[in-house]
Amino acid sequence: MAGFRATDKALFPIKNIKTVVQLFRNQLEHSQEPDLSLLSIVAGVIENSLTSRSNLQICEPVEHNCLPNLDLETITLMYSKFQTIIKNAVEVNKQRKYATRELVKKVSDVIWNSLTRSYYKDRAHLQSLYSYLSGSKLDCFGVAFAVVAGCQVLGYNDVHLALSEDHAWVVFGENGSETAEVTWHGKGNEDKRGQEIGKGVSSRSWLYVNNKPVVCTRHMEVAALVSAINPSLNSNQDAYEVSELQQELLWLLYDLGHLKKYPMAIGNLGDLEEISSREGRVECRVLFEEAIKSSRSYYNNQHVYPYTYQGGYFYRNKMYKEAFESWANASDVIRLYNYSRDDEEIYKEFLEIANELIPHIMKIESSGFSANTILKKPECFAHLLRFYDGICQWEEGSATPVLHIGWAKPLVNTISKFDADVRAQVNILCDTVQDGAKKNAGICNNNNNNNYEKENGAQTETKDEKDTNFPTIEALTAACSEKLLNP
Ligand SMILES: CC1(C)CN=C(N2CCN(c3ncnc4sc(CC(F)F)cc34)CC2)S1
């Protein structure tokens, strides 16, 4: 059983970050299960008190990492309140070892029906049990987390959090073989709570990551609540103590091995390290590489965010060739999915890369001041083609279109910045067509006569002599723009 033990209570009143980390360490290293409701309440109290308007007190510089007084009374009251809400609402059949779909749905209903009627769901700081217990508000992730914490209170340790890159649900039963929706997703969509995770069309959408979600252990659920800590004070400032606490807790979880199978949490830690790196720790660049390795090792390389974490890092550090490669790798992931209306988040990600970040880079690079400009590098052109090709292939076979005229101008603008002699050095190789995975007519084959069948997208490599068998880049560009202009 989990629990708020004497060794934990002895740490109160908690006055600094070091002691909060100690509480998490006690919970994580103790043989029993870490107590999700206790840790979520503690993290939530700290976050909300340091990011709420009311508390813009200037911390005593002496302590520097000063925290609001976390006294035992406050935490115990909320901890008991959550236990009472759950235990009073759900009678437990002691004989059952595993949760049933009815039980999971019942816990989801208890949380769902106790939420404030209507509130701005995308607001920050709505992810913790503190938010639920003090304001009856939770965001989409927060509802799923609260359901898992509720099932832990009832003793069902088979119920675990399953995470895609933009959604959360639960697994339960023997070997976690059952799945259930427990929260909503996106705006204006009917919630599917109680249903098992789609086997149909939706399962081929990015939202369900081709059935390769991060299925959490209890310890990884602690990593999820820590990852969900939101230090933002407003749209351009963070509360220093909150992000420092998040960084310390992520390093604790990293050292204990609980981030190994959690690419996004590793990426979060990489972002925090880029902002303020810790002595004696690996460079943030290594963390972004580890997140990619984790996705490749455990999730069949079906996750996009590890590459956009890395691409964002390269972009911010003016490493544009490397950024192009990361984004092309992200595009190689998305090309095998079918775009569905639930995939807005990743659509916006690719739209920003294609129509904001890449054009910005092209503008800088063609301003003529950069000596060793990427415009002379055929591998940069190759990465860009692979990036655009992946988005085109993403659209192919999808019920919902991806591209529209708004994509065409920046795309053609970008491609035309590379001189013919640079473009000529890019050799487009075609994979043999394989069965099974998403087949597609690449952006180039419907407009030229060569057998430009491709599976998993066009491979490109730089080659010095021009190879006449392959489509000229003009044909490719024409194909691109023709496809864009007449979808
Ligand atoms: C490269 C980016 C644009 C930067 N931040 C990104 N994030 C992606 C989402 N984030 C996450 N970080 C840890 N765990 C999770 S679980 C989840 C889905 C939600 F519905 F539960 C999201 C998410 C953190 C921030 S992707």
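In the predicted model, Ser136 is placed in the loop that links helix H6 (129–135) to helix H7 (140–153). Although Ser136 is not a glycine, its phi is positive, at about 50°. Most residues other than glycine have a negative phi, and most peptide bonds are trans. A second backbone feature concerns the peptide bond between Phe12 and Pro13, which is cis, with omega of about -5°. Pro13 itself belongs to the loop between helix H1 (6–9) and strand S1 (14–16).

The surroundings of the ligand were examined next. The ligand is surrounded by 15 residues, of which Phe141, His167, Tyr262, Asn268 and Tyr309 come nearest. Three of the side chains place polar atoms opposite nitrogen of the ligand, as follows. For Tyr262, an N or O atom of the side chain is 2.7 Å from a nitrogen atom of the ligand. In the case of Asn268, the distance from a polar side-chain atom to a ligand nitrogen atom is 3.3 Å. For Tyr309, an N or O atom of the side chain is found 3.4 Å from a nitrogen atom of the ligand. The ligand taken alone exposes 570 Å², and 75% of that area is buried by the protein.

Two elements, helix H10 (263–275) and helix H12 (305–316), each give two or more residues to the shell around the ligand. The greatest contribution is that of H12, with three residues. Classified by residue type, the shell consists of seven nonpolar, five polar and three charged residues.

The packing of two further helices was also analysed. Two packed helices are described by the angle between their axes and the distance between the axes. For helix H14 (residues 344–365) and helix H15 (residues 378–395), the angle is about 145° and the axes are 12 Å apart. The crossing of H14 and H15 is left-handed. On the H14 side, the contact is formed by Ile346, Tyr347, Phe350, Ile353, Ala354 and Ile358, while H15 supplies Leu384, Phe387, Tyr388, Ile391 and Trp394. By class, this contact of H14 with H15 comprises 11 nonpolar residues, with no polar and no charged residues. The shell around the ligand, by contrast, includes five polar and three charged residues.

Key
Residues are numbered from 1 along each chain as its sequence is written. This is a predicted model: local features need pLDDT of at least 70, side-chain atom pairs count only at pLDDT 80 or more; totals for chains, interfaces and linings use all residues. Side-chain values use heavy atoms; hydrogens and water are left out. Axes are lines fitted to C-alpha atoms, for helices over the stretch in contact, and angles run from 0 to 180 degrees between N-to-C directions. Helices (H or I, at least four residues) and strands (E, at least two) are DSSP runs, numbered from the N terminus. A crossing is left-handed if the near helix is turned anticlockwise from the far one by less than a right angle, and right-handed if clockwise. Contact means heavy atoms within 4.5 Å. Ala, Val, Leu, Ile, Met, Phe, Trp, Tyr, Cys and Pro count as nonpolar, Asp, Glu, Lys and Arg as charged, and the others, Gly among them, as polar. A residue is near a molecule or strand if one of its heavy atoms lies within 4 Å of it. A polar contact is a pair of N or O atoms within 3.5 Å; within protein, one must be able to donate a hydrogen and the other to accept it, and residues adjacent in sequence count only if both atoms are side-chain atoms. Accessible areas come from the Shrake-Rupley method with a 1.4 Å probe; for residues, only the protein chains shown count as cover.
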